[in-house]
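Me: Could you walk me through this model with a few questions and answers?

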Amino acid sequence: MKQPKEMSLIEKIGKKIPDPAILFMILYAIVITLSVFMGGMQFGQQLVDGEIVPFQIQNMLSGENIRWIYSNALLANWLGYGGGVLGVILIIMFGIGMAEDSGLLSTLIKKAGMNVSDKFLPVLLVFLGILSNIASDAGYIVLVPLAGLLYAGMKKNPLIGMVAAFAGVSAGFSANLIPAATDVIVGENAQIFAANQNVPFVSATGAPLDPALMNYYFVFLSTFILAAVGGIVTIKVVQPKLEKESYLIPKDLHLDDFAIKPEENKALGAAGLGLIVALIYLAVLYMGPLAPYYNEAGVKVNPFTSNIILMITSLFFVPGLFYGVAIKKYTNSGQVIQALARQVGSMGYVLVLTFFSYNFLAMLTRSGIGTYITFLGATGLENLGFADYPTLLIIGFILTTALINLFVGGLSSKWLLLGPIFIPMLYQVHPSMTPDLVAAAYRVADSSTNIITPMMSYAGVVLSYMRKYKPEFTIGDLIRTMFPYSIAFLIIWTTLLIIFFQLGIPLGPTA
């Protein structure tokens, strides 16, 4: 099938954009070059309270700054950036990775799929797809092919289930019922971006934000709304079209693979016991050594929520371990360690990306060029009159990010690029543009267009799954099929965020 010219153009442009890690290397060199020509330039940025703070751009090739580059590249600018956020991202993979590697997540998905009416199956698949992002990329690898297998077993076009699952996994990536790595990456870095340019890390009410939970109310509600929207799009738009198309069932495909084996059922019971053990353990911590208390300054401190990532890790690690032992995947401690090593090994690209991105961001701050970009952007938006229309600021930022997402993949890489600029810029234009609101807007935009870009890292993987049932299926076919989901999610999700904003509903709990 011939692809539309506009789709081919997007694909061609996207292929010319380098990998985000390479992009950060290029930007690093650009900032150094600009700092040489702009070194010594002075400007003043007005804070929210009206105070004018003077800034000066530094020449990063001066002797002092060259020493700074080499002295801080490893510890301060990479491993220690943002208080060690890289370590937080890696540690959560211990728990979630154990649940995935043991097979627990796969069995839970199969269990749910076998006990629901086919009328509600599209809604369930989108819902499970959204939940699967708890396990990072597990949804692409596990849920999408299982959804196809489930529909094939029901004598229906497998692509119907696969696109519904793909919509949930990818277009609904930032929504969830449980805080996950995405919340940490977005929240922790938002706090860093705000601190770097003196933006208060507080909500619209002035309350301090909890980085990992600052969007929790919004993403929690979004999970149910997007599941319903995705289900409706599947039933009313996508399914009628795909039901008319031909498909084939591979000869080597065993449709009974979707059935839950007796040993898997037994292992689920063990996982349930593991969950109880984990919950009791966390309850003891919460009521004991990690109970809230008031420090010497009279400030309430909550060690439990401050270490929420470790708590979430436990909730996945223990049930996953119990399941793996019960199903005899882990028969000795060495196999457990190997499972953890596999998950950390899968984060190799994150290590490469963060080395270059965090060093670039540190350079942006040190040189003063990041502050200067904020100054120019805020001045431009104010001159356009956007300062009087904060809702337009939200919509404009969402549309801009959604467009960029068509050509540059990766939630974290784009956030590391856009966050340091837009968080201080939008806040300066209008004080209602708090870090939590900007972060929520970014998450809406980044997720909604994931499914209509060939630049998304798993687009090729999903396409290969679909070609098992329809060999002639192309990337253009995939984009056209997913387009209704993308538009529906973008419109509904943006509307929901504006409702939160206009009604003053908190996006999440405060610290």
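Reply: Here are some questions on the overall fold, one helix, one residue and two helix pairs. This is a predicted model, in which local features need pLDDT of at least 70 and side-chain atom pairs count only at pLDDT 80 or more, while totals for chains, interfaces and linings use all residues. Residues are numbered from 1 along each chain as its sequence is written, and side-chain values use heavy atoms, leaving out hydrogens and water.

Me: How many helices and strands does the protein chain have?
Reply: Helices (H or I, at least four residues) and strands (E, at least two) are DSSP runs, numbered from the N terminus. On that basis the secondary structure comes to 22 helices and 4 strands.

Me: What share of the residues in the protein chain is buried?
Reply: Buried means under 20% relative accessible area, exposed over 50%, and partly exposed in between, with a 1.4 Å probe and protein chains only. The protein chain has 511 residues, and the buried share is 53%.

Me: Why do the buried residues of helix 3 lie on the same side?
Reply: In helix 3 (residues 63-72), the buried residues are N65, W68, I69 and N72. The face turned away from them carries the exposed R67, Y70 and S71. The arc is taken from the directions from the helix axis to the C-beta atoms. The buried residues share a side because they cover an arc of only 100 degrees.

Me: Which residues does V444 touch, beyond those up to four places away in sequence?
Reply: V444 lies in helix 20 (residues 435-448) and is buried, with a relative accessible area of 0%. Contact means heavy atoms within 4.5 Å. Leaving out residues up to four places away in sequence, V444 touches F218, I398, W493 and T494.

Me: Is helix 18 roughly parallel or antiparallel to helix 22?
Reply: Axes are lines fitted to C-alpha atoms, for helices over the stretch in contact, and angles run from 0 to 180 degrees between N-to-C directions. Helix 18 (residues 390-405) and helix 22 (residues 475-503) pack at about 150 degrees, with axes 11 Å apart. Angles under 35 degrees count as roughly parallel, over 145 as roughly antiparallel, 65 to 115 as roughly perpendicular and the rest as oblique. Helix 18 is therefore, relative to helix 22, roughly antiparallel.

Me: Which residues of helix 9 meet helix 7?
Reply: The axes of helix 7 (residues 121-132) and helix 9 (residues 158-171) come within 6 Å and cross at roughly 40 degrees. On the helix 7 side, P122, L125, V126, G129, I130 and S132 take part. Their partners in helix 9 are G161, A164, A165, G168 and V169.
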